[in-house]
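Student: I have a protein model open and would like to learn how to read it. Could you walk me through it?

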Amino acid sequence: MFYRYHHSPIGRLLLAGDASGLQRLLMQIDGQPWQIGEHWRAAATELDEPCRQLDEYFAGRRQRFELNLAPRGTAFQQAVWQALQHIPFGQTSSYCALAAQIGRPKAVRAVGAANGANPLAIVIPCHRVIGRDGSLTGYAGGLVRKATLLRLEGARLVEQGALALQP
């Protein structure tokens with residue numbers, strides 16, 4: 001597994017992947033150190049393409065990532081992560097809608113947990129999932145980052161005690 005740190009407008013990111021594809025794209029949270037696997041090696045050029053596409057995304061020149069992705073998770077998590085990739089740039093969905101989309105309409109909380117376990121933040125756009133009432137619900141990277149990503153994509157946000165999307 002190769003890894004690389006990458007600077008972005010939302011802070012430093014950690015990317016990790018191997019020949020099968022990108023496996024992790026993590027944001028630094030509360031200064032907690034990332035855990036680098038003992039067999040991981042610093043990337044030379046292996047992760048240049050994901051970094052280039054991230055730079056294009058943050059510069060407003062990319063709306064869709066074209067990368068080989070290899071996130072590891074349960075079959076249920078994989079189904080949720082696949083559904084997340086179908087939420088168009090600049091649009092949002094709810095946990096309820098995602099649960100229905102994967103054929104598990106009563107699994108709203110489980111969808112939320114799978115969303116929170118997404119190992120490829122930004123590329124698998126878990127930031128596009130909001131509460132049914134339009135509120136910006138939890139985000140592993142924090143609500144400020146979530147709002148920043150949604151604004152970058154053109155979503156209009158309003159302040160209502162907590163951040164929420166304008167209807």
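Tutor: Happy to! Let's begin with one idea: a contact means heavy atoms within 4.5 Å. Keep in mind that this is a predicted model.

Student: Which residues does Leu13 touch, leaving out those up to four places away in sequence?

Tutor: Leu13 touches Arg4, Tyr5, His6, Ser8, Leu25, Leu26, Met27, Trp34, Leu54, Phe58 and Ile122.

Student: Which residues touch the most other members of the largest nonpolar core?

Tutor: A nonpolar core is a set of buried residues of certain nonpolar kinds joined through side-chain atoms within 4.5 Å. Here the largest core has 36 residues, and Leu13, Leu15, Leu25, Leu54, Phe58, Leu84 and Ile122 touch the most other members. At least two core residues come from each of β2 (11-18), β3 (21-27), α1 (48-58), α2, α3 (95-101) and α4 (108-116). Helix α2 gives the largest share, five residues.

Student: Let's stay with α2. Where does Gln77 lie, and what does Gln77 touch?

Tutor: Gln77 sits in helix α2, which covers residues 75-84. Beyond residues up to four places away in sequence, Gln77 touches Ala114 and Ala117. Look at Ala110 as well: Gln77 and Ala110 are 33 residues apart along the chain, and their C-alpha atoms are separated by 8.8 Å.

Student: How many helices and strands does the protein chain have?

Tutor: There are five helices and eight strands. Reading along the sequence gives the order β-β-β-β-α-α-β-α-α-β-α-β-β.

Student: Which residues are buried in helix α5?

Tutor: Buried means under 20% relative accessible area. In α5 (residues 143-152), Arg145, Lys146, Ala147, Leu149 and Leu150 are buried. After α5 comes Gly154, with a positive phi near 95°. Over the whole protein chain, buried residues make up 46% of the 167 residues.

Student: Now the overall shape. Why does the radius of gyration agree with a compact globule?

Tutor: A compact globule of 167 residues would have a radius of gyration near 15 Å, and the protein chain has 16 Å, so the two agree. The C-alpha trace spans about 45 × 35 × 30 Å along its principal axes.

Student: What share of the contacts join residues at least 24 apart?

Tutor: Counting contacts between residues at least 6 apart in sequence, 57% join residues at least 24 apart.

Student: And what about the surface and the charges?

Tutor: The accessible surface comes to about 9,000 Å², with 49% belonging to carbon and sulfur atoms. The protein chain has 18 positive and 12 negative charges, and their mean positions are 8 Å apart.

Note on methods:
Residues numbered from 1 in each chain as written. Predicted model: local features only at pLDDT ≥ 70, side-chain atom pairs only at ≥ 80, totals over all residues. Heavy atoms only, no water. Helix = DSSP H or I, 4+ residues; strand = E, 2+ residues; numbered from the N terminus. Rg over C-alpha atoms; globule rule 2.2 N^0.38 Å. Buried < 20%, exposed > 50% of the residue type's maximum accessible area, 1.4 Å probe, protein only. Areas by Shrake-Rupley, 256 points an atom, 1.4 Å probe, with all protein chains shown as cover. Lys, Arg positive; Asp, Glu negative; His and termini not counted. Charge placed at Lys NZ, Arg CZ, Asp CG, Glu CD.
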